[in-house]
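Colleague: I am new to this structure and should be grateful for a close look at a single part, set in its surroundings.

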Amino acid sequence: MAASTRQLHLNAFLRNIGQHEAAWRLPETRLSGITDIGHYTELARTAERGKLDAIFFADHPVLKGKTEFRPFDALDPVTLVAALSTATTHIGLVATASTTYTEPYGLARRFATLDHVSRGRTGWNIVTTANGSAAANFGQPVHPDPEQRYRRADEFLQVALQLWDSWEDDAIVGDKDAPRFVDPDKIHRIDHRGEHFDVAGPLEVPRSPQGRPVLFQAGSSEPGKNLAARYAEAIFTAQPTVDEARTFYADVKARIRQHGRNPEQVHVLPGLSAIIGGTEAEARQLQQQLEDLTVVDYGLEQLSRIVGYRVGSDDLDRRLEFTDGDTVTTHMKSRYELVRRLVLTEHLTVRELLLRSSGGRGHRVFAGTPEQVADTIEEWFTTGAADGFNLIPPALPSSLTAFVDHVIPELQRRGLFRTDYTGATLRDHLGLPRPANRFAAHRVAAAS
């Protein structure tokens with residue numbers, strides 16, 4: 001395939017010791033890595049050695065069921081990202097935080113601080129939290145339905161964006177003789193009054209190196225796509241086939257355009273779980289090893305949460321039945337639709353579905369040689385399916401190391417991926433402009 005003038009964007013989604021449900025059972029896996037900062041530092045430096053755009057950490061503010069069968073996400077991603085900012089120099093650092101179970105002032109302050117601490121390498125992955133059990137951890141009697149969560153998220157973003165602009169870039173004067181530390185006319189209250197939030201502002205953190213963190217958004221539901229079209233600068237999505245990815249890509253880019261934004265400045269990044277071997281047979285063997293170690297009970301628990309009813313071991317060799325009247329949980333509609341499409345188009349039994357889901361949770365899973373993995377990436381990238389990928393290594397650190405050592409050089413050889421960083425910030429890596437400050441722009445407009 002011919003090389004493109006566009007450049008791939010690649011992030012590494014690092015889930016403790018691996019995304020695959022059975023990664024923890026591999027003989028070489030260090031279980032201490034779940035909470036060991038040394039493990040995460042090694043991963044961050046490996047990703048930086050591969051010149052990846054960013055590393056990406058999810059957040060689940062509730063302990064999931066069946067924890068006896070797989071490791072959980074133990075560490076707070078914002079704190080983890082702060083620690084890793086001192087162990088790296090170029091790679092972007094993306095942390096997930098929920099708009100449902102945080103407040104905009106506190107979040108805006110933390111992420112502005114992270115952007116200063118990392119010298120402009122921070123991103124925020126915006127989620128509304130799908131797991132309804134989280135409500136009980138935050139003193140809430142019920143988990144809001146998707147419409148409520150996304151309405152709150154929209155207002156949350158309005159507030160956060162104003163707070164990040166509440167200091168103009170040149171607000172700090174620093175004149176020791178005058179004496180004048182700041183120009184108070186360039187620090188602004190926002191006085192937001194809305195349905196969910198009353199926030200006076202300004203932020204006490206000066207405007208950060210990137211102006212604001214890069215805004216990522218994870219979600220493929222209708223309200224999720226609409227939120228992304230209004231605010232996101234990178235979209236993380238689960239698309240198992242190239243045709244489905246192309247449909248999603250065209251849809252979300254059209255929505256971005258409808259909101260008066262430039263679609264080229266919003267990157268669509270499907271998840272990709274690559275199992276890499278020196279030969280195709282070796283890759284298949286690694287995949288089989290993981291599948292042989294998969295715990296069925298864990299998968300059944302997760303599948304039951306998605307479809308909204310109990311799926312048991314007696315159902316393993318049957319196909320799930322779907323009807324128009326299914327009472328699916330309103331909190332996981334996009335995952336439900338993904339499972340439904342897989343079953344109906346590929347006629348998978350529950351057992352086959354669990355094995356498919358164990359490595360990617362609905363994302364693209366591919367086993368092959370470095371050249372075959374690169375072929376898949378290039379096909380999606382050059383045929384309107386993706387602007388890059390959120391890599392989801394099935395086992396850590398081995399899968400990330402294999403990708404960096406063997407797939408990255410192949411992508412570089414094809415002219416698809418950078419050979420070195422050319423900028424200092426995450427916005428530089430992603431080719432995104434630094435946003436203008438709304439208060440400064442208003443000042444300029446008023447003066448003219």
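What is the relative accessibility of Ser 85, and does Ser 85 count as buried or exposed?

Modeller: Ser 85 counts as buried, because its relative accessibility is 7%, where buried means under 20% relative accessible area, exposed over 50% and partly exposed in between, with a 1.4 Å probe and protein chains only. The model is a predicted one, in which local features need pLDDT of at least 70 and side-chain atom pairs count only at pLDDT 80 or more, while totals for chains, interfaces and linings use all residues. Residues are numbered from 1 along each chain as its sequence is written, and side-chain values use heavy atoms, with hydrogens and water left out.

Ser 85 belongs to helix α2, which covers residues 77-85. Helices (H or I, at least four residues) and strands (E, at least two) are DSSP runs, numbered from the N terminus. Beyond its neighbours within four places in sequence, Ser 85 is in contact (heavy atoms within 4.5 Å) with Leu 93, Val 117, Ser 118 and Arg 121.

Ser 85 is one of several buried residues in α2, the others being Pro 77, Val 78, Leu 80, Val 81 and Leu 84. These residues lie on the same side of α2, because they cover an arc of only 160° around the axis; the arc is that of the directions from the helix axis to the C-beta atoms. Their packing partners are α1 (37-49), β2 (54-57), β3 and α3.

Helix α2 also has a part in the largest cavity, whose lining includes Pro 77 and Leu 80. A cavity is a set of points, on a 1 Å grid over the protein atoms alone, where a 1.4 Å probe fits but cannot get out, and its lining residues have an atom within 4 Å of a point. Rolling a probe the size of a water molecule over the atoms shows where empty space is left. Three cavities of 30 Å³ or more are found in the whole structure, and the largest holds about 90 Å³ of space. Grid points are joined across faces, edges and corners, and such a volume is the space filled by probe spheres set on the points. Among the other lining residues are Leu 14, Arg 15, Asn 16, Ile 34, Tyr 40 and Asp 73. By class, the lining has nine nonpolar, one polar and two charged residues: Ala, Val, Leu, Ile, Met, Phe, Trp, Tyr, Cys and Pro count as nonpolar, Asp, Glu, Lys and Arg as charged, and the others, Gly among them, as polar.

Asn 16, in that lining, deserves a closer look. Asn 16 sits in the loop between β1 (9-13) and α1, and counts as buried because its relative accessible area is 3%. Most residues other than glycine have a negative phi, and most peptide bonds are trans. Asn 16, although not a glycine, has a positive phi of about 35°.

Arg 119 likewise has a positive phi, of about 60°, without being a glycine. Its place is the loop between α3 and β4 (122-127). Arg 119 counts as exposed, because its relative accessibility is 67%.

Glu 103 is found in the loop between β3 (92-98) and α3 (104-117), and β3 and α3 are among the elements that the buried residues of α2 pack against. Glu 103 is partly exposed, because its relative accessible area is 46%. Leaving aside neighbours within four places in sequence, its contacts are Arg 152, Phe 156 and Phe 197. Of these partners, Phe 156 lies 53 residues from Glu 103 in sequence, yet the two are 7.7 Å apart in space, C-alpha to C-alpha.

For the wider setting, the largest nonpolar core has 69 residues, a nonpolar core being a set of buried Ala, Val, Leu, Ile, Met, Phe, Trp, Tyr and Cys residues joined through side-chain atoms within 4.5 Å. Helix α4 (residues 146-164) contributes the most to this core, nine residues. Leu 10, Leu 52 and Trp 124 are among the residues with the most contacts inside the core. Leu 10 is in contact with residues including Leu 52, Phe 403 and Leu 411, neighbours within four places in sequence being left aside.

Conventions. 1 Å grid on protein atoms, 1.4 Å probe; cavity = no way out; pocket = protein on both sides within 12 Å on 5 of 7 lines; lining within 4 Å.
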